[in-house]
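Here is a short set of exercises to work through with the model open beside you. Try each task before reading its solution.

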Amino acid sequence: MVEEIKVQSELISIIIPIFNGANYIKNIVSAIKAQTYKTLEIIVVDDGSQDNTLDLCHKYMDSDKRFNIVSKVNEGVSSARNYGLRKATGKYIAFIDVDDYIFPEYISFLYKLLIEGNADMSCCGYFKMWDTEKIPRFRNEYIIKTFQTNEAIQEFLYRKS
């Protein structure tokens, strides 16, 4: 398991853009609430959903004051993320999609990498999965790569790392 960071006072903003994501809301809310890092603001951006997404957001999120549900006209996922960025007040930002599965240690793990590496950004790999696949177990095995700004931009733009 990920060692707990003793100080969790820095606010981390999680931005979740949603368009017609009713089938996934309950799962992502459970995953967010299970995070071991608790100093979170979660900005849920309903991007003009035409199903009962917004109603379900209120049903599952209204009891937790860390969730901030906002709605906008549909302009796509990038627009929804940018809208969320304008609302965010955290020191760090995490983007999570409504159909993602995240381990309870997800935010703690990335935050630990930021703090230990004195970094501006941390990221991790992912698995593409289908509904019939079993969720892999969390592995606390990782390789740390450090980049200077220009090098990092090249790595991300060309998906080298």
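Two strands pair if DSSP finds at least two bridges between them. Helices (H or I, at least four residues) and strands (E, at least two) are DSSP runs, numbered from the N terminus. The model is predicted, so local features need pLDDT of at least 70 and side-chain atom pairs count only at pLDDT 80 or more, while totals for chains, interfaces and linings use all residues. Residues are numbered from 1 along each chain as its sequence is written, and side-chain values use heavy atoms, with hydrogens and water left out.

**Exercise 1. Pairing of the strands**

Find the residue opposite I12 in β4, then describe how β1 and β4 pair.

Step 1. Opposite I12 stands Y92 in β4.

Step 2. The pairing of β1 with β4 is parallel and covers 4 bridges.

Step 3. Now turn to strand β2 (residues 40–47) and strand β3 (residues 67–72): they also pair in the parallel sense, over 6 bridges. Between β2 and β3 the chain passes through helix α2 (residues 53–61), and this β-α-β crossover is right-handed. Right-handed means that, with the strands pointing away from the viewer, the path from the first strand over the helix to the second runs clockwise.

Step 4. For a single bridge to look at, take D47, whose partner in β3 is K72.

Step 5. Place these elements in the whole: the protein chain has 5 helices and 4 strands, in the order β-α-β-α-β-α-β-α-α from the N terminus on.

**Exercise 2. The two faces of β4**

Sort the side chains along β4 by the face they point to, and say which are buried.

Step 1. You will need the cut-offs: buried means under 20% relative accessible area, exposed over 50%, and partly exposed in between (1.4 Å probe, protein chains only).

Step 2. In a regular strand the side chains alternate between the two faces of the sheet.

Step 3. In β4, Y92 and A94 point to one face and are buried, whereas I93 and F95 point to the other and are not.

Step 4. Follow I93 and F95 outwards: together with L85 they form a nonpolar patch on the surface, with about 230 Å² of accessible area in total. Patches are made of residues with over 30% relative accessible area and no salt bridge; like charges are joined within 9 Å, and nonpolar side chains (Val, Leu, Ile, Met, Phe, Trp, Tyr) within 5 Å. The areas come from the Shrake-Rupley method with a 1.4 Å probe, and for residues only the protein chains shown count as cover.

Step 5. L85 belongs to helix α3 (residues 77–87) and is partly exposed because its relative accessibility is 36%.

**Exercise 3. Aromatic pairs**

How are the rings of Y92 and Y111 arranged?

Step 1. Rings of Phe, Tyr and Trp (its six-membered ring) pair if their centres lie within 6.5 Å; planes under 30 degrees apart count as stacked, over 60 as edge-to-face and the rest as tilted.

Step 2. The whole structure has 3 aromatic pairs. For Y92 and Y111, the ring centres are 6.2 Å apart and the planes stand at 75°, so this pair is edge-to-face.

Step 3. This pair links distant parts of the chain, from Y92 in strand β4 (residues 92–95) to Y111 in helix α4 (residues 106–117), 19 residues apart. Both Y92 and Y111 are buried.

Step 4. Add Y37, which forms one aromatic cluster with Y92 and Y111.

**Exercise 4. Salt bridges**

Which side chain does E10 meet in a salt bridge, and where do the two residues lie?

Step 1. A salt bridge is a side-chain nitrogen of Lys or Arg within 4 Å of a carboxyl oxygen of Asp or Glu. The structure holds 5 of these.

Step 2. E10 meets K91, at 2.8 Å from N to O. E10 is in the segment before β1 (12–18) and K91 in the loop between α3 and β4, 81 residues apart.

Step 3. Compare their surroundings: E10 is partly exposed, at 21% relative accessibility, and K91 is exposed, at 55%.

Step 4. Now try D97 and R81, whose side chains also meet at 2.8 Å, N to O. D97 sits in the loop between β4 and α4, and R81 in helix α3, 16 residues apart.

Step 5. Finish with D47, K72 and E75, which are joined into one network by salt bridges that share partners.
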